[in-house]
Amino acid sequence: PEAGRDLYVHGNLEITADQTAKNIYIEPTASLTIAKGATLTVTDTLYIRSRGTQVGQLLNNGTLTLGAGKLLYTHQMAQKNVAEPLAVPFDCTLPKTAGGVACVPLKTRLQAETGKASGNHVVIKKYNGATRANGWDGTAAALWDKLSGANITLKATEGYEIVSGSAYYREYLFPLTYDKDATAATTANLTAYKAPNTAPRNIGWNFLCTPNTSNYSQSITLSPSDQKYAFIVRYAADGAFITSINMGGLDIPPFTPFYVQVNGTGENNQKVVLTYTDGAPAHLRAPVQAEENPTSWASITLSDGNAADQTTLIICNDHQDGYEVGADCEKMLGTTEVRPQVYTVAVDGLRAFNALPEATAATPVAVGYIAPKAAELTFSLSEDFPLEKIEHLYLSDYETGTVTDLISNHYPFFTTAGTFQERFALYVTYRNEVSTEINSEANTADMPRKVMKDGQLYIIVQGRVLDTTGREVSDFE
């Protein structure tokens with residue numbers, strides 16, 4: 001950077017000594033890091049730019065001085081009437097409204113200065129979890145409330161949707177007041193939206209983002225709550241939804257909202273606190289705990305060789321067949337035209353994570369998938385999930401009559417484009433030598449576990465990691 005000149009960051013730039021620039025533009029996919037002990041002074045404006053789900057990142061380990069007090073988050077769009085996710089880590093008051101629609105200033109590639117706000121160009125909507133809990137009819141538009149009126153404020157860490165009314169390039173500008181301390185926030189308040197006689201898969205959904213301006217890879221917990229896991233559902237760049245547990249091992253980009261479903265233990269619409277926790281939980285997405293009824297994880301991946309999706313059976317006799325908030329997670333289907341999508345099929349909907357008792361998982365569970373085009377796809381066992389008591393994980397292909405144990409084999413197959421829910425089923429068998437009556441933490445901790453890692457099967461017993469030949473593995477992580 002040079003004083004009095006603009007700086008455009010296209011890659012990964014680290015500031016290690018005191019520097020000054022007039023304007024700084026952090027482009028989508030780029031990152032700017034201020035090292036500890038260094039000071040970066042921006043005499044005019046710092047721009048953090050985004051496009052689709054790609055976003056610039058600011059990691060401030062030192063000191064950031066904004067001479068004009070300006071931080072602008074920008075969202076670039078060039079498609080008309082296409083909704084995209086939007087979120088900010090600090091409160092943002094929109095400058096104007098016009099035509100009853102919340103508006104922000106905009107500029108094009110050809111404009112040197114900010115153009116006038118216009119209600120014909122942008123609509124911003126807020127996700128409505130209460131509507132979903134109170135008899136939602138399945139219409140996507142019904143879940144979004146258009147913001148209107150004067151003095152609209154986008155709340156920090158809440159998720160929104162932005163729709164451009166222009167087919168031309170637009171860069172919408174969101175003025176923020178930078179607060180380094182806020183980026184270290186560890187909690188967020190969610191609402192456990194409930195309603196009488198509502199399907200459990202629809203209650204308690206919130207749309208939020210992290211308070212960070214850089215990638216976030218820690219885990220989250222919910223309290224007070226009787227749910228066992230916190231599921232995170234986020235957008236992928238290709239329009240799909242990716243679902244994971246507790247955010248361990250998963251980077252969430254800044255300014256990027258994600259869904260969390262919560263189940264309060266008290267009255268309707270109870271507040272639940274989400275806590276960000278240092279480090280990833282044990283065993284990445286699937287923390288294993290000593291428990292009376294051990295949990296086994298039958299997780300499979302569907303891939304076309306370039307992109308992939310996962311679905312998981314969470315098998316434990318503490319679970320029931322119906323939807324349980326905090327144990328099951330509904331499958332959200334994206335609009336992707338490139339990524340295959342996979343899920344299990346239940347009576348009351350589709351599941352990304354399907355919690356079942358052992359007896360149910362031992363009978364065929366329907367597996368559905370969406371193929372965006374005719375292609376060869378492959379089913380395989382997902383890594384990093386503990387198999388625990390599972391001996392075999394069978395995939396049945398009713399079209400070919402083939403049954404494959406995914407623990408030891410992949411299953412490639414050809415498919416036409418479309419949605420299919422009757423071709424495949426998944427079921428497990430259990431090891432005979434393991435009792436289903438585990439009644440002490442010591443027994444549970446000593447029980448051998450199977451884990452797939454880097455395409456290889458390992459056995460973990462009493463803290464030792466063995467390969468399938470019985471040899472101990474010393475560098476297993």
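**Figure 1. Buried cysteines C329 and C316 in the predicted model.** C329 has a relative accessible area of 0% and is therefore buried. C316 is buried as well, with a relative accessible area of 0%. This is a predicted model, and a search of the whole structure returns 0 disulfides. The cut-off for a disulfide is a pair of cysteine sulfur atoms within 2.5 Å.

**Figure 2. Surroundings of R339, a loop residue between strand 31 and strand 32.** Strand 31 covers 329–330 and strand 32 covers 341–346, with R339 placed in the loop that links them. Buried means under 20% relative accessible area; R339, at 15% relative accessibility, therefore counts as buried. A polar atom of the R339 side chain lies 2.6 Å from the backbone oxygen of A308. Leaving out residues up to four places away in sequence, R339 touches A236, D238, A240, I242, A307, A308 and P372. A308 thus appears both in this list of contacts and as the residue whose backbone oxygen faces the polar atom of the R339 side chain at 2.6 Å.

**Figure 3. Pairing of strand 32 with strand 33 and strand 34.** Strand 32 pairs with strand 34 (residues 365–371) in the antiparallel sense, over 4 bridges. One position in this pairing is T344, whose bridge partner in strand 34 is V367. Strand 32 also pairs with strand 33 (residues 349–356), again in the antiparallel sense, over 3 bridges. A346 stands opposite G349 of strand 33. Strand 32 and strand 33 form a hairpin, and 2 residues lie between them. Strands of a sheet pair through backbone hydrogen bonds, in either a parallel or an antiparallel arrangement.

**Figure 4. Environment of S299 in strand 29.** S299 belongs to strand 29, which spans residues 296–303. With 0% relative accessibility, S299 counts as buried. The side chain of S299 makes a polar contact with the side chain of T312, at 2.8 Å. Residues up to four places away in sequence aside, S299 touches Q310, T311, T312, S380, L381, S382 and F385. One of these contacts, S380, is 81 residues from S299 along the chain, and the C-alpha atoms of the two are separated by 8.7 Å.

**Figure 5. An open sheet of 4 strands.** The strands are arranged in the order 12-20-17-18, and the pairing is antiparallel. Strand 12 (83–87) and strand 18 (144–146) are the edge strands, each pairing on one side only. On average, neighbouring strands of this sheet are turned by 35 degrees against each other, direction ignored. Strand 17 (residues 122–127) is joined to strand 18 by 3 bridges, and the two run antiparallel. Y127 stands opposite W144 of strand 18.

**Figure 6. Confidence of the prediction along the protein.** The average pLDDT of the protein is 79, and 77% of the residues score at least 70. Among the elements, strand 38 (residues 411–415) has the highest mean pLDDT, 97, and helix 3 (residues 441–446) the lowest, 38. Over residues 97–103 pLDDT stays under 50; the model has 28 contacts beyond four places in sequence for this stretch. Residues 105–120 also stay under 50 in pLDDT, and for them the model has 34 contacts beyond four places in sequence.

How values were computed. Residues numbered from 1 in each chain as written. Predicted model: local features only at pLDDT ≥ 70, side-chain atom pairs only at ≥ 80, totals over all residues. Heavy atoms only, no water. pLDDT = per-residue confidence, 0-100. Contact = heavy atoms within 4.5 Å. Pairing = 2+ DSSP bridges. Axes fitted to C-alpha atoms, helices over the stretch in contact; angles between N-to-C directions. Buried < 20%, exposed > 50% of the residue type's maximum accessible area, 1.4 Å probe, protein only. Polar contact = N/O pair within 3.5 Å; in protein donor to acceptor, adjacent residues only side chain to side chain.
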